[in-house]
Amino acid sequence: MAAGRREGGWGWVIVGCCFMVTVCTRAVTRCISIFFLEFQAEFGADYAATAWIHSLVDCTTMLCAPVGSLVGNRWSPRVAVMGGGFLSSVGLLLSSFSNSLELLYLTMGVLTGLGFALCYTPAIAMVGCYFGRRRALAYGLAMSGSGIGTFVLAPAVQLLIERYSWRGALLVLSAFVANLCVCGALMRPITAQEEEEEEEEEEGEKPGLVSDAELALKLRESDEIIKSPETIIAPPPAQRRRCFTSCFLSSEEFRFLLLPDFLCLAVSFLFLASGCSLPFVYLVPYALSAGVRHQQAAFLMSILGVLDIVGNVTFGWLTDRRCLKAYRLPCYVLAVAMEGLCCLFVPLLRSFQLLVPFAVLYGYFDGAYVALIPVVISDVVGAPYLSSALGVVYFLHAIPYLLSPPVGGWLVDVTGSYSPTFFLSGGALLASAAVISAITGIQRCRRHLNASEDKPRPLCLPDQSERPVSPAGAT
C-alpha cells in the first residue's frame, strides 16, 4: 500500500492508543517511587528493600517484552494489550490489600510488570506498521505519554495518598490502568482493503486484515524504506511467509541478532538501562532529604514529565527533517550523553530552585532519546524485524533495571548520601554514549580505509629502455 494512502487515518488512532499505553505503563512505573516513604513507614523497610518493588516492575516489564512481541505476532496486538491491561489492573488491585513487602514484590512487581510487558512492545511496534515517512514524529507523539502521564500522575498520586492512604491510591491506579483494555480493543491490524481490491481480479481473494508480520513484509516490498544491503536483511521469500508468521520462534524472525550494528546498540543499551531509571527512583527522596517540601518534590517529577513531552515531540519532528534523517544516531548519542552529564551535577543541587533546571534538562533529553529508540532500531534492522528487535532490546533492559535501583539504595544506606547513586547513573549513561561513539568511529575509519584500497590504481607502463629486444631486431 502506498505510503500516502497508508499514513494517517486510523494510524493516528493507533498513535493515541500507544500514547495511553505509555501513560499507563511507563508513567505509572515512574510514580511507584512516590509510595516508597509510605511503604517504609508501613512495613519498617529501608531504601534498598522498597527499591526492589520498582526494580521488579521494570525488570519484569523488560524481561517479558519478547513474550509481548510473540503474542502480538502470533495472535494480534489487540489480544496482547487487552490481556496485559487485565493482568496489570489485577496486580495493582491485589497490591492495595498487601500486608507485607514480599507480597508487594509478587503482586505489584511481577504480576503488574507482566501485564505491562504484554502491552508495551506490541503497541510501539504497531505505530511503526502505520507510519513510514513520518515515523519519528508519530513515535514522538506516542512516546510522549510517559511524560504527560508523569506530569499528571505524580501530583495526583501524592494527593491520593494524602487523602485516601497508599492503599486507596493503588485502588484508583488499578481502575486507571484498566483503560489499557479499551486501548487494546482499538488496536486493529491495518486494513489491506485498497490493495487487495486491486489484486482481487488476479487472485480472487476477498479484502480483509493482515497480521503485523505480513504487514511488515508488505512495507518492505513497497520500497518505502530504502537501505543498503550491508545494514538490512532481505525479507523471507514469499513461500516462507506463512511459516514466518505462524512459528512461535522463527530463526528468520531473529536474524537481525547477527548484525554488528545491532550488537553495538545492544551493548550500549545495557549501560543505558543501568543508569536511566535511577533519577526517576531517587529524585523525590533526594529532594526530601535536601529539605524540599513533599508537594515540591512531587512537582519535580511533573517537570520531568512536561519536558519529557517536549523532548519526545521536538526530537521526533526534527529528526524527520530531510537534513537530519541521516544523523538520527548522533542525535540519540547526544541526548544520552547530556543526560549523563546532568546526573553528575545533582549532588551540587540542594534546593528546589536548583533542582528545577536539572528536572528540565534531564526530562528533555530523556524524552529525546526515548522517542528515537524505536526509530534507530528500525533504521538498523528494518521494519519487518522491529517488533522482535524491540522485544530483545527491552529484554536487555531487564537485569540492569532489576539491579540498579537496589544498588542505588544500598549506596544510600552505606554512605548516607545520594551522591554515589547519581554518580553511578551519570557514569552508566556516559558509558552508553561512549560505546556507540567509539564503535561508530571505528566503523567509519574502516570504511574509509576500504574505500581508499578499492580505488583503481593508474597503470604503470614499463620503461622503454627496459623492454626486451625482439629477436628480429637483434644484430
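Buried here means under 20% relative accessible area. With that cut-off in hand, welcome to a set of close-ups of a predicted model.

**View 1. Helix 19, a mostly covered helix.** Helix 19 runs over residues 386–396, and 9 of its 11 residues are buried. Follow the helix from Leu386 through Ser387, Ser388, Ala389 and Leu390, and you are looking at buried residues. Gly391, Val392, Val393 and Tyr394 complete the buried set of helix 19.

**View 2. A nonpolar patch on the surface.** Here Trp52, Ile399, Leu403, Val407 and Leu424 make a nonpolar surface patch of about 390 Å². Helix 20, spanning residues 398–415, gives the most to this patch, with 3 residues. Leu403 is a good residue to pick out, and you will find it in helix 20. Leu403 counts as partly exposed because its relative accessibility is 41%, and partly exposed covers the range between under 20% and over 50%.

**View 3. Helix 9 beside helix 16.** This close-up pairs helix 9 (residues 145–177) with helix 16 (residues 294–318), whose axes come within 6 Å. The two axes cross at roughly 165°. Helix 9 is therefore roughly antiparallel to helix 16, since angles over 145 degrees count as such. As helix 9 passes helix 16, the crossing is left-handed.

**View 4. Helix 14 packed with helix 18.** Now turn to helix 14 (residues 260–276) and helix 18 (residues 352–381), with axes 12 Å apart. They pack at an angle of about 155°, and helix 14 and helix 18 are therefore roughly antiparallel to each other. Helix 14 passes helix 18 in a left-handed crossing.

**View 5. The salt bridge of Asp58 and Arg26.** Side chains of opposite charge can pair when their charged atoms come close. The whole structure holds 5 salt bridges, and one of them joins the side chains of Asp58 and Arg26, at 2.8 Å from N to O. Asp58 belongs to helix 4 (residues 47–63) and Arg26 to helix 2 (residues 10–30), so this pair ties together parts that are 32 residues apart in sequence. Both Asp58 and Arg26 are buried.

**View 6. The salt bridge of Asp366 and Arg30.** In this view the side chains of Asp366 and Arg30 meet in a salt bridge, with 2.9 Å from N to O. Asp366 sits in helix 18 and Arg30 in helix 2, so the pair ties together parts that are 336 residues apart in sequence. Are Asp366 and Arg30 buried or exposed? Both Asp366 and Arg30 are buried.

**View 7. The salt bridge of Asp379 and Arg328.** Here we meet another salt bridge, formed by the side chains of Asp379 and Arg328 at 3.3 Å from N to O. The pair links distant parts of the chain, 51 residues apart, with Asp379 in helix 18 and Arg328 in helix 17 (residues 328–344). Asp379 is partly exposed, with a relative accessible area of 26%, whereas Arg328 counts as buried at 9% relative accessibility.

**View 8. A network of salt bridges.** To finish, step back to a group of three residues: salt bridges that share partners join Arg30, Asp308 and Asp366 into one network. You have already met Asp366 and Arg30 as a pair, with a salt bridge between their side chains.

Technical notes: Residues are numbered from 1 along each chain as its sequence is written. This is a predicted model: local features need pLDDT of at least 70, side-chain atom pairs count only at pLDDT 80 or more; totals for chains, interfaces and linings use all residues. Side-chain values use heavy atoms; hydrogens and water are left out. Patches are made of residues with over 30% relative accessible area and no salt bridge: like charges are joined within 9 Å, nonpolar side chains (Val, Leu, Ile, Met, Phe, Trp, Tyr) within 5 Å. Accessible areas come from the Shrake-Rupley method with a 1.4 Å probe; for residues, only the protein chains shown count as cover. A salt bridge is a side-chain nitrogen of Lys or Arg within 4 Å of a carboxyl oxygen of Asp or Glu. Helices (H or I, at least four residues) and strands (E, at least two) are DSSP runs, numbered from the N terminus. Buried means under 20% relative accessible area, exposed over 50%, partly exposed in between (1.4 Å probe, protein chains only). Axes are lines fitted to C-alpha atoms, for helices over the stretch in contact, and angles run from 0 to 180 degrees between N-to-C directions. Angles under 35 degrees count as roughly parallel, over 145 as roughly antiparallel, 65 to 115 as roughly perpendicular and the rest as oblique. A crossing is left-handed if the near helix is turned anticlockwise from the far one by less than a right angle, and right-handed if clockwise.
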